[in-house]
Amino acid sequence: MDSTKERIIAVKAMEFLARQVNDEEVFELWLSEGVADGDIEYGDMNVTEEDEENLEYYIRDEEFADLMDTFLQLMKAAKRSGGLWCGGVTSK
C-alpha cells in the first residue's frame, strides 16, 4: 500500500474516532485544529481517487504530523473526560 493511501485511511479513521469523543468541550479541539466539518462524510472509510485531491492538505508531511499530534492530544483529553461513545457503548 502506498503512503498516500495509508495517510488517507489514517485521516478518515482519526476523523471517525474524534467524532466519538463523549465530551463536547474536549471535541472542540478537533473542530478547531483537526479535520474541518464537511471535509469527510461521517463514517466514510472508503478511499477514492477524489480523496487524494480533496484531502491533499491533510496528507502533506507537516500537516499530517500535526493532525496526528492533535488526535493524540484529543484522545488523551477524552480519556480523562468522558472517553468515547460509539455504537451505544461508552468506553471505560
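How many salt bridges does the structure hold? The structure holds seven, a salt bridge being a side-chain nitrogen of Lys or Arg within 4 Å of a carboxyl oxygen of Asp or Glu. This is a predicted model, in which local features need pLDDT of at least 70, side-chain atom pairs count only at pLDDT 80 or more, and totals for chains, interfaces and linings use all residues. Residues are numbered from 1 along each chain as its sequence is written, and side-chain values use heavy atoms, with hydrogens and water left out.

One of the salt bridges joins the side chains of arginine 7 and aspartate 61, at 2.8 Å from N to O. Arginine 7 belongs to helix H1 and aspartate 61 to helix H5, 54 residues apart, and the pair links distant parts of the chain. Helices (H or I, at least four residues) and strands (E, at least two) are DSSP runs, numbered from the N terminus. Aspartate 61 is exposed, with a relative accessible area of 56%; buried means under 20%, exposed over 50%, and partly exposed in between (1.4 Å probe, protein chains only).

Arginine 19 has a salt bridge with glutamate 15, the closest N and O atoms being 2.6 Å apart. Glutamate 15 is buried, at 5% relative accessible area. Arginine 19 also meets aspartate 37 in a salt bridge (2.4 Å, N to O). Arginine 19 lies in the loop between H1 and H2 and aspartate 37 in the loop between H2 and H3, so this pair ties together parts that are 18 residues apart in sequence. A network of salt bridges links Lys12, Asp44 and Asp51.

The largest nonpolar core, a set of buried Ala, Val, Leu, Ile, Met, Phe, Trp, Tyr and Cys residues joined through side-chain atoms within 4.5 Å, has 19 residues. Those touching the most other members are Val11, Met14, Val21, Trp30, Val35, Leu67 and Leu74. Helices H1 (3–18), H2 (24–33), H4 (56–59) and H5 (61–80) each supply at least two residues of this core. H5 gives the largest share, six residues.

On the surface, Asp2, Glu6, Glu49, Glu50, Glu52 and Glu53 form a negative patch. Patches are made of residues with over 30% relative accessible area and no salt bridge, like charges being joined within 9 Å and nonpolar side chains (Val, Leu, Ile, Met, Phe, Trp, Tyr) within 5 Å. Asp and Glu count as negative, Lys and Arg as positive, while His and the chain ends are not counted. Helix H3 (residues 49–54) gives the most to the negative patch, with four residues.

Terms used. Accessible areas come from the Shrake-Rupley method with a 1.4 Å probe; for residues, only the protein chains shown count as cover. The place of a charge is taken as NZ of Lys, CZ of Arg, CG of Asp or CD of Glu.
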